[in-house]
Structures are given as structure tokens and as C-alpha cells.
Amino acid sequence: MRLIVQGGTVVTAGSVALADVLIEDGRILALAATGSELSRSFGATADRVVDASDRYVLPGGIDVHTHMEMPFGGTFSADTFETGTRAAIWGGTTTVVDFAMQTRGGSLHEGLEAWQRKAEGRCAGDYGFHMILSDVNDSSLREMDQLVEEGITSFKLFMAYPGVFYSTDGQILQAMQRAAGNGALIQMHAENGIAIDQLVAQALERGEVAPRFHESTRPAILEGEATHRAVELARVAGASLYIVHLSAAEALAEVVDARDRGQSVFAETCPQYLFLSAADLAREGFEGAKFVCSPPLRSQADQEALWRGLLTDDLAVVATDHCPFCFKEQKELGRDDFSKIPNGLPGVEHRMDLIYQGVAAGRIGLGRWVEVTSTAPAKMFGLYPQKGSLDPGADADIVIYDPTARTTLSASTHHMAVDYSCYEGMEISGSVETVLLRGSVVLERGQYVGRPGDGRFVARGLCQYAR
Ligand code: URP
Ligand code: ZN
Ligand code: ZN
């Protein structure tokens, strides 16, 4: 099967050029100057020509932080692997890396198999897994080595949620030491959960039950403190560290310090921390519940610091932490007590578009947009150059993007299985038009033409930035 994406502006992390993309059997064969002899001769024998004139042509987006069907607070996140990965395709994301979860008392493999069963045969795009370590013990530490061999090369630990996912500093150190030996990347949810639980109990005692108290009981200082502790534990262990969903300037400063010292420390932020703020949590009535996630939304000054971090590469990746809960029935669980509102926001469909607003506003360049949403996630999580690249030999995961389109984000038009949008009514520039997954068109001029099961599991290698 031969296909040519013709006449577009090819945007990669490193270059912007008018070129045709020649695809054979699901992989990139070559990039050729539009109208060149090579392109003409290939086009003459192609089974299909996809016109990309006046469009950007990018490597497919890679969202390395999603939670499909994740159990949390007595319920499950609302997107299944089928609905969530399909929404991702609409938004130009062709690969997700979701978090399989070890249950307390269970093994890592039991958790991984449970997540494999949920995903297999259902995904619209390719998928891999990280593993959440919620029970660090001798046996799970040994299993980490096996998982690395099986393509699960990153492990998330929690300094938050005592009694649920929380690990002690000692357990974190042990997991980091193991990762230093087997090459895995440790991902950290860096919030001081022990202190936060005290603040939450004190707030509830004062009758402070509304969603806005979710922010005041999870102050940025405690995200900064936990980030500092995680960095120091990684330093002692000699491990690489990746801070997930970084939201606060205080935490970013710790990452910058570590990187300036030469430590192998990386961080991701999410669109919600760049575009939304604590003011959204304080919306009237119970509306703020729609914006409850952890770490919480912060201030406009934090947003500015995060945009700067993206520019300087102290923030390497933008992922969504997609963890949707419906307003009715799920967020409602916390109507009388903010601490019972399931934590998490929908976002997998809008990451490419939202970060493109940073390009449109002149905050980051076109190449950096592709880098933080596709190439850097691929390198960070051992998917490069199969993913995140348009080099010959790479999977032909391609997004054709119309930079001139104008759309309005809304729950009435999005494809995620959730009854609200955090960005309701927001007008944006640019739109995903056509998407190819390994050379097959799965979204054609805005129409989904793929099927559940198009996506395949991807075993990942080691982090390509780690030292
Ligand atoms: O609020 C959030 N972030 N929910 C998802 C779970 C996590 O901590 O990533
Ligand atoms: Zn987390
Ligand atoms: Zn998460």
C-alpha cells in the first residue's frame, strides 16, 4: 500500500518545509520536495493521494498521561479505551500512554493484565502503559525489572493520597534505586499528601465544603516541597525523575535548580494549568467541581511561569492527565464535601489545539509545538523514532492541520464521554482535519472513519533523555 500526503508544510521539531510525505506499508518512506522528480514518480504509482495544500503536516500527537476507565473515589473515569482513544484521534493524538495500576496487595502483572484486557481490541489509536506502584515491596520491586523487559519502562509513585496510592519516602527511595539499576523512569505525583490531609480535615471542620477549598488545602508550597523531596531522593538513588502534571511556579523552580545542577530531572505540564486557574474552581454554586483536579489549578502568575518553562525546556512535555468524570452523578459525589469530588479533568481531545493557541499567540514556535506534544514525549518514553518523527522508517502517524480554521470548544461538539467541557465557548484557531494511523486514514476531513481495534499496544524502550 502506497500513499502520498501532498503539498503540505511539513512541521517537525527541527524544521518547517514544503514537502510531500511518501508512505509505504504504514511507514514513512521519504520526504520529497513538492513537485520533485521523486515525488512525481512515487505519486504516479501511489494507491492514494491525500491533499495537504495550505495545511501543516505533523507527526501524530502523543499523550503520555491518560486515565481511561480509572477507578477513583468510588467511581470510574468516564472514558473507556474505546471512547477516549477515539476522541484523541479527533484531536490529532495517535498514541496514548495510559496508567495501569497495581492494587494494594496485588502484583504489577495483575494490574498490567487488567489494563491490557480493558484496552485490547478497543483502541482507535496506538497505546502503551506506565505502571502505578501503589504497593512497593520486595516482590513488586523485583517485578519492575520484568516489566521493563516487557516494554513498561516508567513507574508512577504518589506522594499524595495517603491510604490509597501513597508511598512513603522510604518506599520511593527503594523504587528509585531499582529504577537506577534497570533504567526505568520514575514519574512522581509531587504533593505532600500527609500535610494536605490535615488541611482538608481542618477546612471541613470549619464548614468549608465548596470546590474552591480544594485549592486552598493543596497549596503550591506543598507541591514545591514535595518536588524538592522527590528531586533529592532521586539524587540519593542516582535515578532519573519525571514530575507529572506540574502546576506551580514553586515546583518548576525546584526542577530548574535540579536541571541546573545537572540532574536527570524532567517535567510535564498540562493544558489546564496553562489555560485555567483557581478562579474557575471558585465559579458560582457547584460549577467549580468541574475544575477539581490534583494538583489544583493555580494563579495567572503560575500560568506565565509554565509558558516560560515550556520555552526554556525546563518543561519538556505537555500531556493531558485526561481523567474525566461527568458533572452529573460523578462530580456530584462531592456536593457537600469538596474532598469527595473525584479528581480529574477531561482533555485528551484538545491538547494539540490548545497548545497551538500558544503558537498563534506567539508564545512558542511551530517546531516547539510539535516537540512538546509529540517528539519529546516519544523520546522521554522510549517511543522514538518509531513515533514522534517523520523520518524514513517511522510509523506513518500523521496529522494534517488547518491553521486557518476557527472552532468553538463545547461539550455539545466534543467526542469525549463526559457531559461538560472545561473550555465551553472558547474560540480557538486551527483544527485537526485528517489523521493517519500507521498509514491508514482514520479521520478524514473531520469525519471519523476508523474502527475500535485499529490501535495496537506499543512496547516502549527506555527514556532517551536520561543520563
Ligand atoms: O486529578 C487528577 N490528576 N486525577 C488523576 C490522577 C492523577 O493523580 O494523575
Ligand atoms: Zn497524579
Ligand atoms: Zn494522572
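This report describes the surroundings of ligand 1, a zinc site and some backbone features in a predicted model.

**Surroundings of ligand 1**

The shell around ligand 1 is formed by His65, His67, Lys156, Phe158, His189, His245, Cys293, Ser294, Asp321, Cys323, Asn343 and Gly344. By residue class, this shell comprises seven polar, three nonpolar and two charged members. Three side chains of the shell place polar atoms opposite N or O atoms of the ligand, as tabulated below.

| Side chain | Atom of ligand 1 | Distance |
|---|---|---|
| His65 | oxygen | 3.5 Å |
| His189 | oxygen | 3.0 Å |
| Asp321 | nitrogen | 2.6 Å |

The two histidines thus face oxygen atoms of ligand 1, while the side chain of Asp321 has an N or O atom at 2.6 Å from a nitrogen atom of the ligand. In isolation ligand 1 would expose 270 Å², and the protein buries 100% of that area. The space that ligand 1 takes up is the largest cavity.

**The zinc site**

Which protein atoms serve as donors to the zinc ion (ligand 2)? They are NZ of Lys156, ND1 of His189 and NE2 of His245, lying 2.1 Å from the ion. Along the chain, the donors follow the spacing K-x32-H-x55-H. Lys156 belongs to strand 11 (residues 154-158) and His189 to strand 12 (residues 185-189); the two residues are 33 apart, and the pair links distant parts of the chain. The zinc ion (ligand 2) is separated from a further zinc ion (ligand 3) by 4.1 Å.

The zinc site and the surroundings of ligand 1 share residues: Lys156, His189 and His245 are donors to the zinc ion (ligand 2) and also appear among the residues around ligand 1. For His189, the side chain additionally has a polar atom 3.0 Å from an oxygen atom of ligand 1.

**Backbone features**

Ser294, listed among the residues around ligand 1, is joined to Pro295 by a cis peptide bond with omega of about -5 degrees. Pro295 is located in the loop between helix 11 (278-281) and helix 12 (300-312). Another cis peptide bond connects Tyr384 and Pro385, where omega is about 0 degrees. Pro385 occupies the loop between helix 14 (366-380) and strand 16 (398-408).

Glu69 has a positive phi, near 50 degrees, although the residue is not glycine. The position of Glu69 is in the loop that runs between strand 6 (61-66) and strand 7 (71-72).

Note on methods: Residues are numbered from 1 along each chain as its sequence is written. Chains are lettered from A and ligands numbered from 1 in the order in which they are written. This is a predicted model: local features need pLDDT of at least 70, side-chain atom pairs count only at pLDDT 80 or more; totals for chains, interfaces and linings use all residues. Side-chain values use heavy atoms; hydrogens and water are left out. A residue is near a molecule or strand if one of its heavy atoms lies within 4 Å of it. A polar contact is a pair of N or O atoms within 3.5 Å; within protein, one must be able to donate a hydrogen and the other to accept it, and residues adjacent in sequence count only if both atoms are side-chain atoms. Accessible areas come from the Shrake-Rupley method with a 1.4 Å probe; for residues, only the protein chains shown count as cover. On a 1 Å grid over the protein atoms alone, a cavity is a set of points where a 1.4 Å probe fits but cannot get out, and a pocket is an open set with protein on both sides within 12 Å along at least five of seven lines; lining residues have an atom within 4 Å of a point. A molecule sits in a cavity or pocket if more than half of its atoms lie within 2 Å of its grid points. Ala, Val, Leu, Ile, Met, Phe, Trp, Tyr, Cys and Pro count as nonpolar, Asp, Glu, Lys and Arg as charged, and the others, Gly among them, as polar. Donors are N, O and S atoms within 2.8 Å of the metal (3.2 Å for Na, K and Ca); water is not among the atoms, so sites may look incomplete. Helices (H or I, at least four residues) and strands (E, at least two) are DSSP runs, numbered from the N terminus.
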